[in-house]
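Biologist: I'm new to this structure and would like to know where each label comes from. Please show it to me and explain the terms as we go.

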Amino acid sequence: MSTSFNFPFAASATTGYFEAHPMSSSPLEIGRTMLCKPVSYAAVQQHPVCTKFFPLNQFTVKVRLLCLGTDLPVIYNWLPWRFTRFMKKDAHIRHLNETYNCIADSSSVQSFFVQVNETAAAQVDIHHAIQDDISAYYEAKPGDYRLQLLMDPEKENNHEWTLGILQTFQDFFFSFTEVERLLISLEDDSNLNCTLEKAGFTLEAQVITPDKKVKLYRCGRKIVA
């Protein structure tokens with residue numbers, strides 16, 4: 001298993017190595033960069049910032065910055081009906097465009113798009129938890145970052161792909177020294193609960209928000225001795 005990183009969008013900082021996943025056969029090459037900086041999602045083609053190959057199942061996960069021109073119609077088709085039923089598709093895509101343009105200017109959240117074997121598979125936002133709404137429901141620490149994962153519903157039951165995507169983001173985000181813990185909040189009936197546990201996440205808390213009841217999972221950095 002090999003992982004490579006390219007960081008065309010951020011300023012330099014010091015980082016180090018962390019424990020690779022058990023299937024990894026070589027040390028990871030970690031770039032030195034900062035996370036959650038203002039970026040542009042307007043590029044026609046966004047280059048991968050992280051690529052990970054899984055030899056056992058013969059697939060490659062590629063992570064790149066969001067591309068507004070091509071990704072928003074795909075993301076719209078992945079959203080649950082309860083989020084899309086109130087607006088026509090064009091209006092909803094315009095709303096998504098406004099949302100992600102705000103994210104592009106933010107210093108507390110960043111958006112990425114995921115392909116597996118060149119097939120669109122997921123969209124991920126990473127939030128600095130201490131500046132995120134989730135901090136109202138648990139005691140967030142400066143090194144906590146929350147992942148918000150939107151899978152292609154047709155790929156959600158492909159547990160090998162989902163696990164590979166989670167492991168890729170663990171490798172990628174833990175390459176940033178400021179990231180100490182990753183958190184994911186899921187609804188009780190989510191298909192991802194078991195996959196999170198396989199990826200090394202543990203239950204942090206059960207949270208009741210104004211909208212729903214969710215489980216908050218966490219995964220900490222493992223430093224190589």
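**Asking why, one label at a time**

Modeller: Let's begin with two helices: H1 passes H3 in a right-handed crossing, a term for the near helix being turned clockwise from the far one by less than a right angle, with anticlockwise being left-handed. This is a predicted model, where local features need pLDDT of at least 70 and side-chain atom pairs count only at pLDDT 80 or more, while totals for chains, interfaces and linings use all residues. Residues are numbered from 1 along each chain as its sequence is written, and side-chain values use heavy atoms, with hydrogens and water left out.

Biologist: What are the residue ranges of H1 and H3, and at what angle do their axes cross?

Modeller: H1 covers residues 68-78 and H3 covers residues 89-104; their axes come within 10 Å and cross at roughly 120°. (Axes are lines fitted to C-alpha atoms, for helices over the stretch in contact, and angles run from 0 to 180 degrees between N-to-C directions.)

Biologist: What makes H1 oblique to H3?

Modeller: Under 35 degrees would be roughly parallel, over 145 roughly antiparallel, and 65 to 115 roughly perpendicular, with the rest oblique. Roughly 120° falls in none of those three ranges, so H1 is oblique to H3.

Biologist: Which residues of H1 and H3 meet?

Modeller: From H1, they include Leu-68, Leu-72 and Tyr-76, and from H3, they include His-92, Leu-96 and Tyr-100. Meeting here is contact, meaning heavy atoms within 4.5 Å. The residues of this contact divide into 8 nonpolar, 4 polar and 1 charged. (Nonpolar are Ala, Val, Leu, Ile, Met, Phe, Trp, Tyr, Cys and Pro; charged are Asp, Glu, Lys and Arg; the others, Gly among them, are polar.)

Biologist: How many helices and strands does the protein chain have?

Modeller: It has 5 helices and 9 strands, where helices (H or I, at least four residues) and strands (E, at least two) are DSSP runs numbered from the N terminus. Of the 225 residues of the protein chain, 50% count as buried.

Biologist: Why is Thr-51 called buried?

Modeller: Buried means under 20% relative accessible area, exposed over 50%, and partly exposed in between (1.4 Å probe, protein chains only). Thr-51 has 19%, so it counts as buried. Thr-51 sits in strand S2, residues 48-54, and 5 of the 7 residues of S2 are buried, so S2 is largely enclosed by the rest of the structure.

Biologist: How do you know that S2 and S3 pair?

Modeller: Pairing needs at least two bridges found by DSSP, and 6 bridges join S2 to S3, running antiparallel. Cys-50, for example, has Val-63 in S3 as its bridge partner. The two strands form a hairpin with 4 residues between them.

Biologist: Is Gln-58, in the loop between S2 and S3, buried or exposed?

Modeller: Gln-58 has a relative accessible area of 53%, over the 50% limit, so it is exposed. Its phi is near 55°, a positive value in a residue other than glycine. Most residues other than glycine have a negative phi.

Biologist: What makes strand S4 mostly covered?

Modeller: S4 spans residues 109-116, and 8 of its 8 residues are buried. Both faces are covered: one side includes Phe-113 and the other includes Phe-112. In a regular strand the side chains alternate between the two faces of the sheet.

Biologist: Which sense do S4 and S5 pair in, and over how many bridges?

Modeller: S4 and S5 (residues 119-128) pair in the antiparallel sense over 8 bridges, and Val-114 has Ala-122 in S5 as its partner. S3 (residues 59-65) also joins S4, antiparallel, through 5 bridges, with Val-61 standing opposite Val-116.

Biologist: Why is Asn-117 called partly exposed?

Modeller: Asn-117 has 38% relative accessible area, between the limits for buried and exposed, so it is partly exposed. Asn-117 lies in the turn of the S4 and S5 hairpin, which has 2 residues between the strands, and its phi is near 50°, a positive value.

Biologist: And how do you know that Asp-152 is buried?

Modeller: Its relative accessible area is 8%, under 20%, so Asp-152 is buried. Asp-152 lies in the loop between strand S6 and helix H4. Leaving aside neighbours within four places in sequence, Asp-152 is in contact with Trp-78, Ala-120 and Ala-121.
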